[in-house]
Amino acid sequence: MANKQEISKEPLQWDSKNILMVRDLKKYFPIRGGMMNRVVGQVKAVDGVTFGLERGTTMGLVGESGCGKTTTGRTILRLAGDKTGGDVLFEGKEVYDLSHEEMRHMRTKMQIIFQDPFSSLSPRLPVGEIIGEAVREHGIVPKAEYEDYIDKIMDECGLQPFHKDRYPHEFSGGQRQRICIARALALNPQFIVCDEPVSALDVSIQAQIINLLGELQDEYKLTYLFISHDLSVVEHISDTVGVMYLGNLVEYGKKEDIFRHPLHPYTEALFSAIPVPDPDAKMNRIVLEGSIPSPANPPSGCKFHTRCRHCTKRCMEEAPVQREVEPGHFVVCHLYDK
């Protein structure tokens with residue numbers, strides 16, 4: 001029997017094996033209109049995300065464009081303003097309860113690698129200053145060791161010391177992404193949100209960057225939240241996988257369980273689109289009908305019911321809750337409410 005996971009109102013209990021715990025996270029953006037510029041609606045970008053992330057592991061977060069993956073990562077890091085609801089515990093501390101000074105200290109432990117390496121790098125600063133600016137600001141190393149430390153970080157990310165005096169426009173896309181990785185790594189973080197870090201790169205360069213992230217994870221015991229729409233990359237790099245649809249985490253579990261036995265109809269449809277490198281293999285493609293509803297006006301009941309081939313009347317009226325169908329494998333779907 002499926003184990004029903006209701007969202008509790010009790011304080012979130014910390015599990016020491018995790019570095020991050022998220023429960024029912026919500027982030028809404030106001031829609032303003034009219035002569036008085038009043039709030040007339042809300043875009044529900046993140047509307048109920050719950051998961052735990054173990055230390056030293058990688059969680060892949062997948063879903064269609066616009067489903068809320070990036071906003072989830074930014075909300076966890078407090079980069080998207082205040083949350084609308086839910087809990088975000090990092091090392092047992094509620095991130096949104098931290099003071100300005102406490103959050104400033106926490107910034108060194110939580111970093112992000114952005115999707116577009118060019119727009120996320122200042123064109124007016126040389127690479128050495130881009131990587132070292134925050135190191136100097138937070139006093140990561142003594143002043144006498146600063147130059148050697150920057151050289152070491154650059155070397156570990158595949159950059160040469162003479163690159164320090166060059167500017168971002170003088171590098172290729174793959175090199176710029178290495179600069180972004182070095183900038184994040186320089187603060188000696190424990191947790192990094194990788195926001196589609198390889199989607200703007202050529203396939204051969206993607207492999208280099210993914211291998212670099214794996215090597216750095218092994219050396220520094222890093223924990224990643226890897227946001228991507230490329231399921232093949234996610235399968236290669238992740239330990240656990242979360243599938244998002246219209247602001248909700250509809251399925252979550254170990255990588256092997258998710259790819260071997262997808263439970264949610266949306267996950268099944270996503271995985272059916274993964275190319276098979278065999279011209280004779282028959283593709284059992286599941287084509288989703290209709291378009292993605294607007295997050296400003298999501299459907300009642302289950303948000304996926306407008307495109308689901310298993311839709312029932314209950315799906316239209318009642319929103320499902322997260323259930324543990326098999327150990328460590330959670331799904332939000334009425335099909336498993338038995």
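**Helix packing, a pocket and a loop residue**

The axes of α3 and α5 come within 8 Å and cross at roughly 25°. Because angles under 35 degrees count as roughly parallel, α3 and α5 are therefore roughly parallel to each other. The crossing of α3 past α5 is right-handed. On the α3 side the contact is formed by Val-127, Ile-130 and Ile-131, and on the α5 side by Ile-179, Ala-182 and Arg-183. By class, the residues of this contact of α3 with α5 comprise 5 nonpolar, no polar and 1 charged. The model from which these values were computed is a predicted one.

Helix α5, which spans residues 173-185, also packs with helix α6, residues 203-220; the two axes come within 10 Å and cross at roughly 15°. That angle makes α5 roughly parallel to α6. Here too the handedness was determined, and α5 passes α6 in a right-handed crossing. From α5, the residues in contact are Gly-174, Gln-177, Arg-178, Ile-181 and Leu-185, while α6 contributes Ile-205, Gln-208, Ile-209, Leu-212, Leu-213, Leu-216 and Tyr-220. Sorted by class, the contact of α5 with α6 holds 8 nonpolar, 3 polar and 1 charged residues.

Helix α3 (residues 127-138) packs in addition with helix α4 (residues 146-156), at an angle of about 120° and with the axes 10 Å apart. The two helices α3 and α4 are therefore oblique to each other. The crossing in which α3 passes α4 is right-handed. In α3, the residues involved are Val-127, Gly-128, Ile-131, Gly-132, Glu-133, Val-135 and Arg-136, and these meet Tyr-146, Tyr-149, Ile-150, Ile-153 and Met-154 in α4. The contact of α3 with α4 is made up of 8 nonpolar, 2 polar and 2 charged residues. Val-127 and Ile-131 of α3 thus appear in the contact with α4 and also in the contact with α5.

Pockets were examined next. The second largest pocket encloses about 460 Å³ of space. Its lining consists of 24 residues, and those nearest the centre of the pocket are Asp-47, Gly-48, Asn-248, Pro-320 and Val-332. Three strands, β2 (18-33), β3 (38-54) and β11 (248-254), each supply at least two residues of the lining. The largest share, 4 residues, comes from β3. In terms of residue class, the lining of the second largest pocket contains 12 nonpolar, 8 polar and 4 charged residues.

Finally, the surroundings of one loop residue were listed. Ser-300 lies in the loop between α9 (265-272) and α10 (313-317). Ser-300 and Ala-319 are separated by 19 residues in sequence, and their C-alpha atoms are 7.4 Å apart in space. With residues up to four places away in sequence not counted, Ser-300 touches His-305, Cys-315 and Met-316.

How values were computed: Residues are numbered from 1 along each chain as its sequence is written. This is a predicted model: local features need pLDDT of at least 70, side-chain atom pairs count only at pLDDT 80 or more; totals for chains, interfaces and linings use all residues. Side-chain values use heavy atoms; hydrogens and water are left out. Axes are lines fitted to C-alpha atoms, for helices over the stretch in contact, and angles run from 0 to 180 degrees between N-to-C directions. Angles under 35 degrees count as roughly parallel, over 145 as roughly antiparallel, 65 to 115 as roughly perpendicular and the rest as oblique. A crossing is left-handed if the near helix is turned anticlockwise from the far one by less than a right angle, and right-handed if clockwise. Contact means heavy atoms within 4.5 Å. Ala, Val, Leu, Ile, Met, Phe, Trp, Tyr, Cys and Pro count as nonpolar, Asp, Glu, Lys and Arg as charged, and the others, Gly among them, as polar. On a 1 Å grid over the protein atoms alone, a cavity is a set of points where a 1.4 Å probe fits but cannot get out, and a pocket is an open set with protein on both sides within 12 Å along at least five of seven lines; lining residues have an atom within 4 Å of a point. Grid points are joined across faces, edges and corners, and a volume is the space filled by probe spheres set on the points.
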